[in-house]
Each structure stands twice: as structure tokens, then as C-alpha cells.
2 protein chains.
Amino acid sequence: MSATSPRPSARDRLLDAADELFYAQGVHTVGIDKVIEHAGVAKASLYSTFGSKDGLVRAYLQRRHDDRRNRITTGLERFDNPRDRLLGVFDVLAETAAKPDFRGCAFYNASAEAHPSNVVQEEADATRAWTRQLFLDLARDAGARDPEALAAQLVILYDGSTAGARLDRGPHAPALARTMAAALLDAAT
Amino acid sequence: MSATSPRPSARDRLLDAADELFYAQGVHTVGIDKVIEHAGVAKASLYSTFGSKDGLVRAYLQRRHDDRRNRITTGLERFDNPRDRLLGVFDVLAETAAKPDFRGCAFYNASAEAHPSNVVQEEADATRAWTRQLFLDLARDAGARDPEALAAQLVILYDGSTAGARLDRGPHAPALARTMAAALLDAAT
DNA sequence: ATGACACTAGACAGACCTGTCTGTTATCGT
DNA sequence: ACGATAACAGACAGGTCTGTCTAGTGTCAT
């Protein structure tokens, strides 16, 4: 066996541990010691790799952003027409929210833990801008009369059903948001 | 002058300070010492009144819940027909979100700071149930064919525009949600 | 005026936090 | 074979956190 896992680098193990712990318990609640213990890594490795806890938090959020982008874009590939692709965003959300470890939007959560850390603010803004642009592109492709207006409405449905899924613990809100989005789209084309 | 402020009790000053600090900076970030200093109160008074920090957090959330209920119900009194009253919930939200110190839903924020504290969970659930019932009553009064279904949709708009107002820092999302709610209501009666 | 009560001030214990630093081991390219 | 690199383990400093405890102050009803 040569291709079998030559043990991931300290960096990767740290990111894995950070993802799991920060998302499940909050970036502020989880201390450095818990992360390195869970990663099986020395503290010096963390600080030589990421510089500070803030650096690790930033890397965690960036990876969350990447993962989310991939999850959505690959999730939409299975659809072959613009309408389904637009609504598919809510399908993907419903799938994600159905998982037992779903805890809502990592960016909102991190941002709510305050410490007006601009690190979090920046990453949250970046992800939000991406989402808005995604809906704008999809609305255009689907032939909406006013894509900007439709996109803004879809963002509200997306945010609302994400929050609802977290607070009510289940994918009902995303499923409902999908039917609302369908009605919106039909009225807007 | 006899009726002029005989200095509020330690309890009231603690709640005022907790409200201001917890909401602005998060229940986890803000320590006991900051609260008592801001309230001008001795630490022993806090612990004899509320028992623990968790007790103070619970009282803070309960007062938030009461304030919100009052804000909404009195805010709706100015409307004289069911339709405006239903949409008025979003007007009130837009007014609240326009204030510079608005930081989103206190319950979601506190819950996002984790420590799977059931105190927070309980209070959040209570507020959510109240909101759902409010929309249900208003939908019924407005003559919706399926009040339950309409209420569920309105909750999504409410959650989404609250989150949007926080993350995008302004009352645009609530205003948009109001027009969406109007369309929903017109289609459902 | 006396005792109950609400409150103040602040020291303290014990835990936990971030970040630094020392010293050791293993792997790899040359 | 050797030096660089990456990683390990863990002690330590300095700070902050919650919660407890002692001791003193002011007010009010009896």
C-alpha cells in the first residue's frame, strides 16, 4: 500500500479540527488547547503555521467558504435547465440542513460571537457577496425581467430558511423557501 | 421633586447594563466584571439576585422578549385594518433595524455563541413560538385561506430580513420583506 | 436604638485563555 | 552523512473568567 494516507500535514489536521470544533461549538468558546489536542498537533505548529488564533479562524472561514461554494456549484450540475438550477440552491440547502450536525451559517455564527473582529466581518461579507452574485446570475439565466430585484428577494428566502433550519432544527424551512422561490420566479419571468 | 428617580435598584441597573453590553458585544464575550462595573453594583449583589451568570443571561433574554413583544403589539395599534396590521410587523422591524445599535436577533446571537446552554435554547424557542403565533393570528384576521401556511412563509421572511439587516447593516431587507409579504398576502386571500 | 435588609468594596481561589519558549525527534534532499 | 525542515511535548508567563467570601455602610420599620 503506497497511496494510503501518509498522514495529513499538521496544517491539514489543524484545519480539520478547527472546522469541526469551531463550527460545532463556536470560535470563541473553543480554545487553542482543544484544537491542538483534537488535531494531535503541537502548539508551536499552530503558531508557526497560522500566526495566531485569529489567523486560524480566518483560515477556517475561508475553507468554509470554499466548501460551500463547491457544494453548491457541484450540487447544481445535476440540473439541466435554468429554472431547476436556481431552485436547486434551496435543494442543496435543504440537504445540508438535514444533516444532524448542521448549526446554521458559520459566518453569521462567528460574527454573532462578536469581538468586533474585522477578520470575521470580512469573510462574512465575501461569502455574502458571492451568494448575491450567484442568485443574480441564476436569475438572469432563468430570464427574470428584473434579475437584481429577484436576487434580492431570493437572498432573503435563503437567509430566512437558513436561520429557520438552525433554530427549528430541521430542513422544513429550506423546503418551504424552495416553493416560495418557485412562485417568485414564475411571477418574475 | 418627589417622583424623580430615587435611583433604580441594583437589580434594575444590572439588567440595564446586561441588556446594553450583552446585546452589543455578546453574552459570552462580556464578563461579569464588565457588567457590574457598568451597572455600578457590587459583585455580591449580582450573585444574590441572579445566582449565576446564566441566571443573568436568562433574565436578559426574558426582558428582551418582553420588550420585543411590547414594541410589536404597541407598534401595531396604529393600524386599523388586518392587512396593514400584518404588514406592520415588518414596518416595526424596519424601524428597529434602522437604529445604529441594531445587531440582529438577540436570541439567535446568544444561541450562536454556543455553550450548548439550554437556558438560551429555551428562551429562543419561547420567542419563536410567540412570533409564529403572532403571524398565525394576523393571517387569520386578514382572512387568509390557509393561515398556517401563510404564517410559516411570513416567518421565513421575518427571519431572513432580520439576518439581512444585521449582516448588511441597514433596514433594506425588512422593507423588501414587507413588499414580499404584501404579495403573499394578496395571493392568499 | 435595634435588628433586618439591601447594598458596597474588594480580596481570593481555581480554572482557563493566548502566546512564547526550550528542547527533542523524524524525515528528506543533497 | 549531514543540514534543513517539520513536527513533537510541554513548561511557563500574564491575563481574564466565574464564583465565594469577608467586612463594612446606609436605611427603615418597629
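This is a short walk through a predicted model with two protein chains and two DNA strands.

Hi everyone, thanks for coming. Please keep in mind throughout that the model is predicted.

Let me start with chain A by itself. Chain A holds nine helices and zero strands, so to speak of its order from the N terminus is simply to say α-α-α-α-α-α-α-α-α. For those of you who like a box around things, the C-alpha trace of chain A spans about 55 × 45 × 25 Å along its principal axes. Of the 189 residues in chain A, 39% are buried. And if you take the contacts in chain A between residues at least 6 apart in sequence, 61% of them join residues at least 24 apart.

Now to the place where the chains meet. The contact draws 28 residues from chain A and 27 residues from chain B. Which elements of chain B give two or more residues to the side that touches chain A? They are α6 (106-112), α7 (118-141), α8 (147-168) and α9 (172-187) of chain B. The largest share comes from α8(B), with 11 residues. Sorted by class, the side of chain B that touches chain A has 14 nonpolar, 10 polar and three charged residues.

I'd like to stay with α9(B) for a moment, since there is a nice little check to do on this helix. It has 16 residues, and at 1.5 Å a residue they should span 22 Å, where the count used is one less than the number of residues. The C-alpha atoms at the two ends are 23 Å apart, which agrees. As for burial, the buried residues of α9(B) are B:Ala173, B:Pro174, B:Leu176, B:Ala177, B:Met180, B:Ala181, B:Leu184 and B:Leu185. What covers these buried residues? The cover includes α5 (82-98) and α8 of chain B, together with α8 (147-168) of chain A.

On to the DNA. Strand C is surrounded by 18 residues, and the closest are A:Gly31, A:Ile32, A:Lys53, B:Ser9 and B:Ala42. At least two residues of the surface near strand C come from each of α2 (32-39) and α3 (43-50) of chain A, and from each of α1 (10-25) and α3 (43-50) of chain B. By class, that surface has seven nonpolar, five polar and six charged residues.

Strand D has 17 residues around it, the closest being A:Ala10, A:Ala42, B:Gly31, B:Ile32 and B:Lys53. Here the elements that each supply at least two residues are α1 (10-25) and α3 of chain A, with α2 (32-39) and α3 of chain B. The surface near strand D divides into seven nonpolar, five polar and five charged residues.

One last stop, for the backbone fans. A:Arg169 has a phi near 55 degrees, a positive value in a residue other than glycine. Where does A:Arg169 sit? You will find it in the loop between α8 and α9 (172-187) of chain A. Is A:Arg169 buried, exposed or partly exposed? It has 14 C-beta neighbours inside 10 Å, and being buried would take 20 or more while exposed means 12 or fewer, so A:Arg169 counts as partly exposed.

Over in chain B, phi of B:Arg169 is near 55 degrees, again positive in a residue that is not glycine. B:Arg169 lies in the loop between α8 and α9 of chain B. With 14 C-beta neighbours inside 10 Å, B:Arg169 counts as partly exposed.

That's my tour, and I'm happy to take questions.

Methods:
Residues numbered from 1 in each chain as written. Chains lettered and ligands numbered in written order. Predicted model: local features only at pLDDT ≥ 70, side-chain atom pairs only at ≥ 80, totals over all residues. Contact = placed C-beta atoms within 7 Å. Helix = DSSP H or I, 4+ residues; strand = E, 2+ residues; numbered from the N terminus. Nonpolar A, V, L, I, M, F, W, Y, C, P; charged D, E, K, R; others polar. Near = placed C-beta within 6 Å.
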